[in-house]
Amino acid sequence: MATTTKIGLEIHCQLTGAKSKLFCRCSSDYRGKAPNANICPICAGLPGTLPLLNQKTVEFAAMITLALGCKFPDDIAFYRKNYFYPDLPKNFQLTQYNAYSITSIGVDGKLEYGNGKDARIRRVQLEEDPGRLVYASGSMDTSVYVLIDYNRAGMPLVEIVTEPDFADPKDVRMFLDKITSIIEHLGVCDTKLEGSVRCDANVSIDGGNKVEIKNISSFADVEKALRYEITRQRTMASREIQVRSETRHWDDARKVTKESRTKEEEQDYRYFPEPDIPMVLLGSEFVSFILQSMPELPDTRKERFMSKYGLSAHIAQVLIGNKELADFFESTLMIYLSPKEIANWIVTDLMSFVDERQKKEEDKQHLLFAGLKVGPEHIADLARLVDQETINRATAKQILGQIVRTGEMPSALAKKMHASRIDDASVLAQAVQSVFQMEQAAVHDARRNSNVANFLLGKVMKITKGTADPKIALEMIQKKLKED
Amino acid sequence: MPLPLYTLEAGQVVEGIKNREFSAEEYISQLLGRIEKVEPKVNAFVTLNKEEGLNRARMLDKKIRDGEQSGPLAGVALSIKDNICTKGMKTTCASKMLESYIPAYDATVIKRLMSAGAIIIGKANLDEFAMGSTTEFSRHGPTRNPWDISRVSGGSSGGSAASVAALECTASLGSDTGGSVRCPASFCSVVGLKPTYGLVSRFGLVSYANSLEQIGPVGRTVSDVVSILNVIAGSDENDHTTINSNKPTYSLQERKGLRAGLVMEFTEGADPGVSKMIYNAADTLEKQGCKCEEVSLPSVQYALASYYTIATAEASSNLARYDNIRYGFDMNPEGYEWNSYFAKARSNFGEEAKRRIIVGSYVLSSGYYGKYYLKAHQVRSLLKHEMETLFKRYDVLIGPTMPILPFKIGERIDDPLKMYLVDIDTVVANLTGMPAISVPAGFADGLPVGLQIMADQFAEQTMLDIAYLFEQAAKVQRSPEL
Amino acid sequence: MVVTREEVKHLGWLAKLEMSDAELQRYTAQIEEIISYLNMLDTIPLEQVKPIAMKKKFSELRKDAPENFEDAVLGTRYRKDGFVKGPRMV
């Protein structure tokens, strides 16, 4: 029985690319610092302090807005979302809000994310992160007091909200990969940092009630959470139980969505514009400035790779799928310009050495090539050696296999191998000589029938225990056959 | 016998100390003596800064002896309203919620005043979190009017005005959200000024209603108020609502030929004793070459509703941070669930604060935004347009600062709405962001009456011109016998 | 009834203000009076009037240069290993 599924997303991206927090001068590099060592009167919500909007964060949010095809309003404003919670220093969150008039940085966009599919972007907005609660006994339920760390409070976040345009968790996965690629190319967020990107989702099936899923800790878990929830809803539907409109929490340990604690009374955020932050004028000059100064988007880069370097769509797509790959590729080109060669070496051969684990999103903590000792200069060198026919492709692959461990330059290694090959040549000559002596009948036949040379080759290979280069050995055999 | 040092104006103090007619230490000591004598009657201070005040005086004296440069306010003793943050000095906002709060930073205005050589002699009493018009909503008891200690001093900067009138300091710094500098200035027969919104930094002013309030000086003369304004005015990178412009300087000048509009709605709504004094003031101005005509500002009728909507809405949010977790008073969080802890801690707000938080939450609640908050803002635009139209024909608008004379302590305390109505003349300036000053106009039944002068945005100089002109002509007594 | 006792109680919950029954009684009457007064705003035909707003240019915003605040910020003595101790969550 076919069901229609509607999935919408709410993505939060920390602007770790900014050097300070959203409304104060505290460093944005709070990870790993002692609790409450990265705070100031403003982000701690001390009386008499005023928010000071960070110019860079507006710039970054604007780049994301453009990348997602959204429109800008003439000016932007900030609103207070009023509610109490121990991780909120002011007991309100500074955010953006469009219910009264459009004042968030971006609205009404669209993003194509692959296989000809696209999703509409409802809005893009700036807001601040709250502090962090820690439970002494490890769980919220059993701790007799809570421990609060305000280091994260005031960190800049960009929230991206989509329309419920996704019908399949696989599509969501593709979309999130695309978002990651965009964010990395723009340099606004280091997605490898823990908690720097989070995603909440909402699901409904067959026009039923919408369920929000919160507390999904990484992009990788979104697909899992969605599959679980969709199954849960389908099961209920098959039993003719109505799905309630609610918010559920993703339990990472048990891999299930759980009902949230029952709320006693209805929350009311009483939004109103933040009086301490005047509206910020954008205008056409601002938009031009952003367009001019923003880094190249992955799609633009892909187009450029295809048109300028003649790469295939598939290869280009793989390169831009991870900014590190694309950057590595272009750095290599700067040393030696052989785009198709180099692209192949990177995408096919080099990637095969990358730890399988690292390729999967779960371990996106480290750089792709972290374990390998090669840089652009190595690949450039390798490509040049092959182009100049100094070595053949098979040897090149061999060399690559070795230098990823040693970091040696390919040309240095090739020289060593060539030298040893000369030694090998005399060993080979001896082997051929021995075979000619032992197989005189075959040698006689080979002079009349060239195919028999292969029999002799087989013998040479046997004697040299397979280490001989067959091409060279055959050449030697044929030469010798002509001589005598 | 020479007059005591504590009767000197700011300019005289600075000159006297610079010329070594007397030392700063002598001056501060005399003030402290005066404070000891009259404080039991007035109750203007929450905290006194005796040790530090004397130390700073001694340091200034040394500077003078060594021939070093001293600032434009060197030796001037200021009382600072206790909702303005002073680093290392308790700042309580007259609330239990900030009982033991010691700020980690100085307000920008404090930094500027200290650089100019001023000495902070103490923190002045106020209505809790600046919400009130009589300083009766303070947990330190009401500040009494030095002219009649059975009566209110006005509010919320009652401590500021009373300390100036009672000669307990040279001048003072208050804050004005709906009249809180001008009201007590009027009731205590001193000068109080509310600058144009955005002229003076609010960094370090504990927020009550951020879109309405400004820090303002209180002094015995227009000259003193100008001296302080010149030091504190100017843009501040720590307050994005300050206007980006060159640092302004104001002077004292007697300009003739200015035109004043006497706002009918204000005079008609005032007690007869008060309006009589205002008409006298208009006569005085005319004799000085100023043209006075009656004008109308019809939207005044909506002003109070607009003010109390916006002020309570902003207050309900500004006061949310007082949950006693990061600062406040000593109450161990262990043993409580967080909702209970917050509610229990916050039960320590005073009555008026609680009321305003509830009203503010109400007007902002779901579905009411258009009905109250948005409408209130539209009233602001309406008033602004009406005033700007008038300012095309008149240089200033005048009227009584308060519609009534200072009343007995306790008289209006059980009737919140009745209390709110006294703000009718003052809220207009806050709603429109325009500057306003109250200067002593004389006495009715032995009680002070203040003349309010309002000008267009950033037209402080014009406003001060008329204020100075009037002051010199009217020569109203500035301090009572205590 | 412009404002009911229940509404005031709910607003008290939203604002985390604990009120005794006596307080609730007294405040409800006073708040009702105040809201009735504020209701006059509803009668003004102001749809055409645009609220005035102060605006800032993008160039006037704070530059992204981090600064460490050196002095102690927090004023509570209830701390543990640098964390602020707060009441339990459930």
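A polar contact, as used in this note, is a pair of N or O atoms within 3.5 Å; within protein, one must be able to donate a hydrogen and the other to accept it, and residues adjacent in sequence count only if both atoms are side-chain atoms.

1. **Ground rules.** This is a predicted model, so local features need pLDDT of at least 70 and side-chain atom pairs count only at pLDDT 80 or more, while totals for chains, interfaces and linings use all residues. Residues are numbered from 1 along each chain as its sequence is written, chains are lettered from A and ligands numbered from 1 in the order in which they are written, and side-chain values use heavy atoms, with hydrogens and water left out.

2. **Chain B on its own.** Chain B has 16 helices and 13 strands (helices are DSSP runs of H or I with at least four residues, strands are runs of E with at least two, numbered from the N terminus). Its radius of gyration is 21 Å, close to the 23 Å that the globule rule gives for 482 residues, so chain B is as compact as a globular protein of that length. That radius is taken over C-alpha atoms, and the rule is 2.2 Å times the number of residues to the power 0.38. Along the principal axes, the C-alpha atoms of chain B fill a box of roughly 65 × 60 × 45 Å.

3. **Inside chain B.** Buried residues make up 70% of the 482 residues in chain B (buried means under 20% relative accessible area, exposed over 50%, partly exposed in between, with a 1.4 Å probe and protein chains only). Of the contacts in chain B with a separation of 6 or more, 76% come from residues 24 or more positions apart; contact means heavy atoms within 4.5 Å.

4. **One residue to click on.** Try Ala311(B), which lies in helix α10 of chain B. Ala311(B) is buried, with a relative accessible area of 0%. Leaving aside its neighbours within four places in sequence, Ala311(B) is in contact with Tyr208(B), Ala209(B) and Leu212(B). Glu213(B) is 98 residues from Ala311(B) in sequence, yet their C-alpha atoms are 9.5 Å apart.

5. **Where B meets C.** Here the contact takes 61 residues from chain B and 51 residues from chain C. The area buried between the two is about 5,200 Å², with 67% of that from carbon and sulfur atoms (buried area is the accessible area, 1.4 Å probe, that two parts lose on being put together, summed over both). Ile358(B), Tyr362(B) and Lys375(B) supply 13% of the area that chain B buries against chain C, more than any other three residues.

6. **Polar links from B to C.** Between chain B and chain C there are 6 salt bridges (a side-chain nitrogen of Lys or Arg within 4 Å of a carboxyl oxygen of Asp or Glu). One joins Glu23(C) to Lys354(B), with the closest N and O atoms 2.9 Å apart. There are also 18 residue pairs in polar contact, both at pLDDT 80 or more. On the side of chain B that touches chain C, α10, α11, α12, α13 (370–393) and α14 (416–420) each give two or more residues, and α13(B) gives the most, with 10 residues. That side divides into 31 nonpolar, 15 polar and 15 charged residues; Ala, Val, Leu, Ile, Met, Phe, Trp, Tyr, Cys and Pro count as nonpolar, Asp, Glu, Lys and Arg as charged, and the others, Gly among them, as polar.

7. **Where B meets A.** This contact takes 39 residues from chain B and 37 residues from chain A. About 3,100 Å² is buried between them, and carbon and sulfur atoms give 59% of it. In chain B, His240(B), Arg321(B) and Tyr369(B) lose the most area to chain A, together 21% of what that side buries.

8. **Polar links from B to A.** The count between chain B and chain A is 19 residue pairs in polar contact, both at pLDDT 80 or more. α10(B) gives the most to the side of chain B that touches chain A, with 4 residues. The salt bridge count for these two chains is 2. Glu237(B) and Arg25(A) meet in a salt bridge at 3.7 Å, N to O, while Asp276(A) and Arg202(B) do so at 2.8 Å. Both Asp276(A) and Arg202(B) are buried.

9. **Salt bridges elsewhere.** Over all chains the count comes to 61 salt bridges. Lys178(A) pairs with Asp299(A) at 2.8 Å between the closest N and O atoms; the two sit in helices α2 and α5 of chain A, 121 residues apart. Lys178(A) is buried at 15% relative accessible area, whereas Asp299(A) counts as partly exposed at 35%.
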